[in-house]
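Please open the model in your viewer and keep the sequence panel beside it. The stops below can be selected one after another.

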Amino acid sequence: MSERDDFLYPRSRYQGEFTPEKLIFNSNLQEFAQRVNYICGLETNGKVSSEEAYQQIKQLWKKLRSSKKSLGISKPPDETPENS
């Protein structure tokens with residue numbers, strides 16, 4: 001990546017339990033957050049309407065949810081102790 005891309009699209013290191021699927025999802029999640037940030041900035045500055053911003057974020061959310069499902073990432077197991 002160029003220096004400009006590093007500035008516009010910052011990435012953080014993955015800190016969780018490593019699997020290729022989780023790494024890919026983490027990247028998708030960071031991209032989602034970055035795009036939501038841009039959309040919010042555009043809406044705040046009057047470049048897009050609130051409804052348009054909402055629809056764009058809703059589409060991004062559906063895309064992120066779909067990527068999670070296609071990668072086979074599920075919720076962590078319930079960690080509540082069993083009653084004896």
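The tour goes from the whole chain to single residues and pairs of residues.

**The whole chain**

Begin with everything displayed, and bear in mind throughout that this is a predicted model. Colouring by secondary structure should bring out three helices and zero strands, and if you follow the chain from the N terminus, the elements run α-α-α. Switch next to a surface representation, for which the accessible area comes to about 7,200 Å², with 53% of that area belonging to carbon and sulfur atoms. Of the 84 residues in the protein, 15% count as buried. If you go on to display contacts and keep those with a sequence separation of 6 or more, 53% of them are accounted for by residues 24 or more positions apart.

**Helix α2 and its ion pair**

Select residues 20-44, which make up helix α2, and within that range show the side chains of Arg35 and Glu31, which lie four residues apart, or about one turn of the helix. In general, side chains of opposite charge can pair when their charged atoms come close. Here Arg35 forms a salt bridge with Glu31, and a distance drawn between their closest N and O atoms should read 3.0 Å. The count of salt bridges in the model comes to one. Are the two partners buried, partly exposed or exposed? Arg35 counts as partly exposed because its relative accessibility is 39%, and Glu31, at 29%, likewise counts as partly exposed.

Stay in helix α2 and move the selection to Gly41, which is partly exposed, with a relative accessible area of 27%. From Gly41, draw a C-alpha to C-alpha distance to Ala53, a residue twelve positions away in sequence, and the value is 9.7 Å.

**Along helix α3**

Now select residues 50-71, the range of helix α3, in which Lys69 lies. Three other residues of this helix serve as stops, beginning with Glu52, which counts as partly exposed at 39% relative accessibility. Glu52 and Ile39 are 13 residues apart in sequence, and their C-alpha atoms are 9.2 Å apart in space.

Further along helix α3, pick out Lys63, which is exposed, its relative accessible area being 54%. A C-alpha to C-alpha line from Lys63 to Phe32 spans 9.0 Å, although the two residues are separated by 31 positions in sequence.

Then select Ser67, also found in helix α3. Is Ser67 buried or exposed? Ser67 counts as buried, because its relative accessibility of 13% falls under the 20% cut-off used for that class. Which residues does Ser67 contact, once neighbours within four places in sequence are left aside? They are Phe25 and Asn28, so it is worth showing both side chains together with that of Ser67. A further distance to draw runs from Ser67 to Glu21, which are 46 residues apart in sequence and 9.8 Å apart between C-alpha atoms.

**The positive patch**

For the last stop, return to the surface and select Lys58, Lys62, Arg65 and Lys69, which together form a positive surface patch. Within this group, look at Lys69, which is exposed, with a relative accessible area of 70%. Membership in such a patch requires over 30% relative accessible area and no salt bridge. Keeping Lys69 selected while helix α3 is shown as a ribbon places this part of the patch on residues 50-71.

How values were computed. Residues numbered from 1 in each chain as written. Predicted model: local features only at pLDDT ≥ 70, side-chain atom pairs only at ≥ 80, totals over all residues. Heavy atoms only, no water. Patch = residues over 30% accessible without salt bridge, like charges linked within 9 Å, V, L, I, M, F, W, Y side chains within 5 Å. Areas by Shrake-Rupley, 256 points an atom, 1.4 Å probe, with all protein chains shown as cover. Salt bridge = Lys/Arg side-chain N within 4 Å of Asp/Glu carboxyl O. Lys, Arg positive; Asp, Glu negative; His and termini not counted. Charge placed at Lys NZ, Arg CZ, Asp CG, Glu CD. Helix = DSSP H or I, 4+ residues; strand = E, 2+ residues; numbered from the N terminus. Buried < 20%, exposed > 50% of the residue type's maximum accessible area, 1.4 Å probe, protein only. Contact = heavy atoms within 4.5 Å.
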